[in-house]
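Visitor: I am new to this structure. Please show it to me, and let me ask how each label is earned.

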Amino acid sequence: MSGKTALVTGATGLLGRQVVRAFERNHWTVKGTGYSRADGLSILKVDLVNGEEVTAALDKVKPKVIIHCAANRFPDKCDKDPEGTRALNVEATRRLASLCASRGILLIYISTDYVFPGRPGDAPYEADAKPQPTNLYGQTKLDGEYVVIEEYQRAGKPGLGVVLRVPVLYGDAEMPAESAVNVLMDTVWKAQEQDAKIKMDDWALRYPTNDANVYATEDVGRVCYDISVKYLNSNDTSKLPHILQFSSETKCTKYEICQYFGEIMGLSIANIEPNAEGNDPNASVQRPYDCHLSTKALKDIGIDVSTQDFTGWWRWNVRAFRK
């Protein structure tokens, strides 16, 4: 496989940084796109909503594969800015897919488990299960899936537009707020304050999945690389699946994650109260109960779906080794 060049959108974000590292470790030339944190060198400043800027980036980098990580991915923020969310998650994705399809570039679109309703008893969801998002974030990511597949079919290259759904991610964050998991470590520390009283969801099931590891290209970053190699080396990508899913098998609520963190750090979580009431029916953002993703489609094409041990990774990350 010649011309080993990859472009990663959202390369300054939690997942994007690790995808870049996964390709770099395998001796690829990698460029990223970003905006507020772009350095103009390895990370190009590109407004993905601006078609001319996206076209210029593709012409400059000439990638074989693009991993499209950029998105408005926080459900509450999506609900507060529906127009901006659709512009980035759907319309920018459509434009990127169209440009990539016309150039014969493999595009891996990062989607979410929130495309599913997550009703009790439904999970695990296979890749071909019927989506039914419960909030705007999930709907815009599902619409992004549709436009990727549509644009590649329109160009007569359906096998080069690939969707990869993933659950909530954790990993090497520059700031805890980058991850809905990492930020819970801050919550455990805040709970040490004498008068702290914190309610924490103990209803919705999560499957926290690591985006990478500093010693080995594992989990989502590694899977993105493995998928790229598999599809680029295929003689007929139309025979490969268009939708793939990756997830950890570790199941826990946000409250249970706080319990893990308390045990790892030797901190009390007595000031954190579990809330098992589920969604407030009057809340604008409704979250699914259990969106566990089946990884069968990845296994069927020979992609390793092993993941980091959640507690082990965090012990290593905070240097909390215990005998």
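Guide: Start with a rule for rings. Rings of Phe, Tyr and Trp pair if their centres lie within 6.5 Å. This is a predicted model, and a search of the whole of it finds 15 aromatic pairs.

Visitor: What makes tyrosine 170 and phenylalanine 310 an edge-to-face pair?

Guide: Two values do. The ring centres of tyrosine 170 and phenylalanine 310 are 5.0 Å apart, and a pair needs them within 6.5 Å. Their planes stand at 80°, and over 60 degrees counts as edge-to-face. So the pair of tyrosine 170 and phenylalanine 310 is edge-to-face.

Visitor: Which parts does this pair tie together?

Guide: Tyrosine 170 is in strand 7 (residues 169-170), and phenylalanine 310 is in helix 10 (residues 310-317). The pair therefore ties together parts 140 residues apart in sequence. Both tyrosine 170 and phenylalanine 310 are buried. Ring pairs also link these two into a cluster with Tyr260, Phe261, Trp313, Trp314 and Trp316.

Visitor: How do you know that a charge sits over the ring of tryptophan 316?

Guide: The charged end of arginine 319 is 4.9 Å from the centre of that ring. The distance cut-off is 6 Å, and the charge must also be within 35 degrees of the ring normal. The charged end of lysine 77 likewise sits over the ring of phenylalanine 74, 4.9 Å from its centre.

Visitor: Now cysteines. Why is there no disulfide between cysteine 69 and cysteine 224?

Guide: A disulfide is a covalent bond between the sulfur atoms of two cysteines. The rule asks for two sulfurs within 2.5 Å. The closest cysteine sulfur to that of cysteine 69 belongs to cysteine 224, 6.0 Å away, so it is too far for a bond. Cysteine 252 is in no disulfide either; its nearest cysteine sulfur, in cysteine 258, is 10 Å away. The count of disulfides is 0.

Visitor: Why are cysteine 69 and cysteine 252 called buried?

Guide: Buried means under 20% relative accessible area. Cysteine 69 has 13%, so it is buried. Cysteine 252 has 1%, so it counts as buried too.

Visitor: On to helices. Why is helix 1 called oblique to helix 7?

Guide: Helix 1 (residues 14-25) and helix 7 (residues 219-232) pack at about 50°, their axes 8 Å apart. Under 35 degrees would be roughly parallel, and roughly perpendicular runs from 65 to 115. The angle of about 50° falls between those ranges, so helix 1 is oblique to helix 7. Their crossing is right-handed.

Visitor: What makes helix 4 and helix 5 roughly parallel?

Guide: Helix 4 (residues 82-103) and helix 5 (residues 136-154) pack at about 15°, with axes 8 Å apart. The cut-off is under 35 degrees, so helix 4 and helix 5 are roughly parallel. Helix 4 passes helix 5 in a right-handed crossing.

Visitor: Why does histidine 27 count as exposed?

Guide: Exposed means over 50%. Histidine 27 has 68% relative accessibility, so it counts as exposed. It lies in the loop between helix 1 and strand 2 (29-34). Its phi is positive, about 65°, although histidine 27 is not a glycine.

Visitor: What makes lysine 62 exposed?

Guide: Its relative accessible area is 62%, set against the cut-off of over 50%. Lysine 62 lies in the loop between helix 2 (51-61) and strand 4 (65-68). Phi of lysine 62 is positive, near 55°.

Notes:
Residues are numbered from 1 along each chain as its sequence is written. This is a predicted model: local features need pLDDT of at least 70, side-chain atom pairs count only at pLDDT 80 or more; totals for chains, interfaces and linings use all residues. Side-chain values use heavy atoms; hydrogens and water are left out. Buried means under 20% relative accessible area, exposed over 50%, partly exposed in between (1.4 Å probe, protein chains only). Rings of Phe, Tyr and Trp (its six-membered ring) pair if their centres lie within 6.5 Å; planes under 30 degrees apart count as stacked, over 60 as edge-to-face and the rest as tilted. Helices (H or I, at least four residues) and strands (E, at least two) are DSSP runs, numbered from the N terminus. Axes are lines fitted to C-alpha atoms, for helices over the stretch in contact, and angles run from 0 to 180 degrees between N-to-C directions. Angles under 35 degrees count as roughly parallel, over 145 as roughly antiparallel, 65 to 115 as roughly perpendicular and the rest as oblique. A crossing is left-handed if the near helix is turned anticlockwise from the far one by less than a right angle, and right-handed if clockwise.
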